[in-house]
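Student: I would like to go through this model term by term, setting each value against the definition behind the word.

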Amino acid sequence: MDIQIVNPGDFTPTQHYYQKVVNAHIHPLLKYFLGLNQEQVVSRYCHLNPQAHPGRLMEYLKYKAKYLRWAGADLFYVTTAKGMNKTVVVEVNSCPSGQKSMPLRDEDNEAGGYELVIKNSFLSKLKGKRLVDGALGVIYDKNFMEASGYAATIADLTGEKVYLIPFYQKSWRENCRYEKKVLQVKQGDEWISIRAAFRYVTQKPWNRIPVDCKTLIFNPVVACLAGGRNKLIAAKAYEWFNSEIASSGLKINVPHTIYDVAKMEIPLLIQSLGGRGVVKIPYSNAGQGVFTITNQAELDRFMEMEENYDQYIVQSLIGNASWSSVSPEGALYHVGTMPNKKNKIYVADTRFMVCSGAEGFKAVSLYARKAASPLADELDDSADSWQMLGTNLSQKLGEDQWGSDTDRLMLMDTRDFNKLGIGIDQLIEGYVQTVLSVIAIDRFAAQLINDKGRLKRKLFRSINKDDSFASEIFDYDQTDSDHHQT
């Protein structure tokens, strides 16, 4: 695809929202939740969780993220054998989808969450920064609907034209290059410098964007390396942050996680979890690289796959009451959707998007995704567990080609929201869990950057012991020359 120029006034709702969203009305309960101020959130959360320190929670809600200023968390609502419900963070995404699936909270503002992210987080990040001379851009390798929506919103809010730049792994050099670490795009015979770029690059962004890029990249690649697209580091970031905040009565809830796992260790670890678990390639996303293991056939299929990386993570599997993993923290079971007319319950997760700015965190958008098949009461050896547990909507159609299974999309509207069976307190808990997990990654990202804005490679390699992954990280100073980049 060619680079496009987006001008002020180009925002068209039908191009940046799903058709079913354009005609949807936000559920009153969600609209009420989005209208809560930080004091109300803290008061209600601490009322239900008296061990939580109100002052510390308020401090985190007002946290101004430096690197991961815009993120989305995938959440499961689960229960224990004793009927104790809680929200679990599955992963955090540093380029989250969600705008195209979110009904407008204010029907008079067509830009909705697009405007909230751009105004509160992207443009506020640019203020006071010494930027190189140049234009504004949006770089993307997926989700054109939302990437173009952000470009149109930036154009409207700044009054400038915005370059909408395809940035695919194999073809990005056709129209892009780096000149002294400044991203440039080709227009005819001219190279245009980009002073700041909103990033919707999801597939291995570290292999074509330098950590110390002189163009301001939002979110920067270090946010991905520190956990936004690195599940291995994210697990460590959550663990370390939980140790830090334990005295405040707060905690990021995650499945039992074992990291730094070699492939040959996986069968033993699955056995230790009762024969059921989840194996993840740490650096994949969009539903790729996640394998639910509930029987020998599923384990065998995974073990026969070709190895691309040296390290994996293994997590306890959250299933139904009779077939979840056994872990030191106990078993967790999916709450799932409300039973349908056939009395079937489906696994569903919630994507919670937030952004951070001068006033701290703001909730931006939510949507839910349900699995393809209903949750079974019992499993047999022929069961396809991914059909019951996998919720991601992305469909890889080919190289740099993606589709979406929107039939499983659940909107936060008057039609779908009630099917989730959640209320205001689950929304508040999901918001708090999202904020805490984003802070954990943002703070870890800060530890990975030195005074010159470069990645502390020795520290990173000591924490992420995967030579195959480390070899992918783009290092501008180690390339042959600027000519090589063109």
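Student: Which strand gives the most to the lining of the largest pocket?

Tutor: Strand 9 gives the most, with three residues. This is a predicted model, in which local features need pLDDT of at least 70 and side-chain atom pairs count only at pLDDT 80 or more, while totals for chains, interfaces and linings use all residues. Residues are numbered from 1 along each chain as its sequence is written, and side-chain values use heavy atoms, with hydrogens and water left out. Strands (E, at least two residues) and helices (H or I, at least four) are DSSP runs, numbered from the N terminus.

Student: What makes a residue part of the lining of the largest pocket, and which residues lie nearest its centre?

Tutor: A pocket is an open set of points on a 1 Å grid over the protein atoms alone, with protein on both sides within 12 Å along at least five of seven lines (a cavity is a set where a 1.4 Å probe fits but cannot get out), and lining residues have an atom within 4 Å of a point. The largest pocket has 23 lining residues, with Tyr67, Val211, Cys213, Thr215 and Leu216 nearest its centre. Both strand 9 (216-218) and helix 8 (221-228) supply at least two residues of this lining. The loop between strand 9 and helix 8 holds Asn219, which is joined to Phe218 by a cis peptide bond with omega of about -10°.

Student: How do the residues of this lining divide by class?

Tutor: There are 14 nonpolar, two polar and seven charged residues in the lining, where Ala, Val, Leu, Ile, Met, Phe, Trp, Tyr, Cys and Pro count as nonpolar, Asp, Glu, Lys and Arg as charged, and the others, Gly among them, as polar.

Student: Why are helix 8 and helix 9 called roughly perpendicular to each other?

Tutor: Helix 8 and helix 9 (231-245) pack at an angle of about 70°, with their axes 7 Å apart. Angles of 65 to 115 degrees count as roughly perpendicular (under 35 as roughly parallel, over 145 as roughly antiparallel, the rest as oblique), and the pair is therefore roughly perpendicular. Leu225, Ala226 and Gly227 of helix 8 meet Ile233, Ala234 and Ala237 of helix 9; by class, this contact has five nonpolar residues, one polar and no charged.

Student: What makes helix 4 and helix 14 roughly perpendicular as well?

Tutor: Helix 4 (38-48) and helix 14 (424-447) pack at about 105°, with their axes 10 Å apart, and therefore they too are roughly perpendicular. In their contact, which means heavy atoms within 4.5 Å, helix 4 places Val41, Arg44, Tyr45 and Leu48 against Asp425, Ile428, Glu429, Tyr431 and Val432 of helix 14. Six of these residues are nonpolar, none is polar and three are charged.

Student: How do you know that strand 10 and strand 13 pair?

Tutor: Two strands pair if DSSP finds at least two bridges between them, and strand 10 and strand 13 (312-315) have three, in the antiparallel sense. One bridge partnership is that of Ile258 with Val314 in strand 13. The open antiparallel sheet holds four strands in the order 10-13-11-12.

Student: What makes strand 10 and strand 12 the edge strands?

Tutor: Strand 10 (257-261) and strand 12 (290-293) each pair on one side only. Helix 9 lies across strands 10, 11 and 13, at about 130° to strand 10, whereas helix 11 (296-303) lies across strands 11, 12 and 13, at about 150° to strand 12.

Key
Axes are lines fitted to C-alpha atoms, for helices over the stretch in contact, and angles run from 0 to 180 degrees between N-to-C directions.
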